[in-house]
Amino acid sequence: MLEEGTGTDLEGTLAAMLGTSLPQKIIELHQTARDFADEVLIPAADLHDREESFPADNVERLAKLGFMGILAPSQYGGLDLGNLALTVVLEEINRGCASTGVTLSVHNSLLSSPILHFGSQEQHARYFPRLASGEALGAYAITEPDHGSDAAAIETTCRREGDEWVLNGTKAWITNGSYADIIVTFATMDPSLRSRGISAFVIEKSMPGFSVGKKEKKLGIRGSDTVQLIFDEMRVPAQNLLGEEGQGFKIAMHTLDGGRIGIASQAIGIAQACLDEMVDFSETHEMFGRKLADNQLVSHKIAELATRLDAARLLTRRAAIMKDAGLSHSGEASMAKLNASEVANDAARMALEVLGGAGIGRQSSVERLFRDAKITEIYEGTSQIQSLVISRHVRSVRG
Ligand SMILES: Cc1cc2nc3c(=O)[nH]c(=O)nc-3n(C[C@H](O)[C@H](O)[C@H](O)COP(=O)(O)OP(=O)(O)OC[C@H]3O[C@@H](n4cnc5c(N)ncnc54)[C@H](O)[C@@H]3O)c2cc1C
């Protein structure tokens, strides 16, 4: 299958590298996601951005396509297709609308994934039917007003009282926060223990003591929902502990490794949209007696971006394949995110240069893509944090 805009048969190449053909189901899913992006997402993306409106209609339609359950077990109505499938779908959804894309990414890779990996059979049976069907939306809440990169320093507390845990604290910058029904969150039994004191919980918005705080106004992905969550003596049943007591930090980091593959896919989608805009504009605009695309400086930009975009896809799909194979993929996920987010930001800058004034105006989607690209370098670990993870990974494999 051809990758739109680049002319490269990446899926065929990957299949050859793997020595197998990609499952037909992933190929079909890719086509469905591509059509959905072209027909539904692209026409509405600027409106959601301008009005800062949550794309609830898009999310409902994603659920009908089965995309809310890409990782969920098939016995609970999920597609159970794994992270390579999720990556391929997220590239397309984010090509169409990054606000919708992050909503989908968080639901699958930050909420469904930790429940799948660390949840009990009882938690699977309780949550996956609603998550897979899209009846319930998911979120992941670790960041706090004073603690982002240093997640081991979180101050939200948990204490055990009989058959319940009681949580107190504030989470900040939580994607999907006001629409989410089910949230994976983290709290410490003793802040002085740092990472060793943290436990993970599956909470529900109906739990007593849960409320939604202020909504963030953002530079980009303005249609996505980003809010504070407040836990005030929030009562959480003991059976909602995720994994073991004190295992929360490990769960948080393992989950972010997968989430970073999702954000790398988002960056690729944004970069692809920029490349498409650049090619369309330069093919249809003439100046100095020839098509803009025939200008060597412009064709150089197109060639450079197409090459870097394919490289970003391969790095990202490698990380997804490693995750699906159960291999350690922390360094590879960080490489994928660090690289893809840089490509997305360079792509947006190049597209603006090629479109000139037409790209700066708010009638152009390039202006939105330029703002959306920036966030990929910040959430789920900034680029500086990805560099730290990668350098630790390089040193550890050298022994
Ligand atoms: C739109 C949006 C959505 C988000 N969604 C979620 C969500 O759903 N759930 C959630 O839990 N969080 C979410 N976040 C939070 C996000 O993950 C954090 O913003 C991110 O981890 C960075 O933390 P911070 O903003 O507190 O920056 P800080 O940690 O305060 O960092 C500030 C600066 O210091 C740099 N820095 C920090 N440590 C080092 C170091 N050791 N070496 C060099 N430089 C360093 C950082 O790179 C950064 O440039 C979201 C954020 C945004 C903006």
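**A hairpin, a ligand shell and a covered helix**

In this predicted model, strands β2 and β3 form a hairpin, with two residues between them. G162 sits in the turn and has a positive phi of about 60 degrees. The pairing of β2 (residues 157-161) with β3 is antiparallel and runs over five bridges. Within this pairing, R160 stands opposite W165 of β3.

Strand β3 also takes part in the surroundings of the ligand. There are 21 residues around the ligand, and those that come nearest are T143, G148, S149, T175 and T382. Three elements each give two or more residues to this shell: β1 (138-141), β3 (164-175) and α12 (383-398). By residue class, the shell holds eleven nonpolar, eight polar and two charged residues. Where does the ligand lie with respect to domain 2 and domain 3? Residues of the shell come from both domain 2 (139-248) and domain 3 (256-398), so the ligand lies between them.

Helix α11 (residues 365-375) presents another setting. This helix is mostly covered, with nine of its eleven residues buried. Among the buried residues are V366, L369, F370, A373 and I375. S365, E367, R368 and D372 of α11 are buried as well. Which elements do the buried residues of α11 pack against? The partners are five helices: α2 (24-51), α5 (98-118), α7 (248-284), α9 (330-355) and α10 (357-360).

Note on methods: Residues are numbered from 1 along each chain as its sequence is written. This is a predicted model: local features need pLDDT of at least 70, side-chain atom pairs count only at pLDDT 80 or more; totals for chains, interfaces and linings use all residues. A residue is near a molecule or strand if its C-beta atom, placed from the backbone, lies within 6 Å of it. Helices (H or I, at least four residues) and strands (E, at least two) are DSSP runs, numbered from the N terminus. Ala, Val, Leu, Ile, Met, Phe, Trp, Tyr, Cys and Pro count as nonpolar, Asp, Glu, Lys and Arg as charged, and the others, Gly among them, as polar. Domain bounds come from an automatic or database domain assignment. Two strands pair if DSSP finds at least two bridges between them. A residue is buried if 20 or more other C-beta atoms lie within 10 Å of its own, exposed if 12 or fewer, and partly exposed in between; C-beta atoms are placed from the backbone. Two residues are in contact if their C-beta atoms, placed from the backbone, lie within 7 Å.
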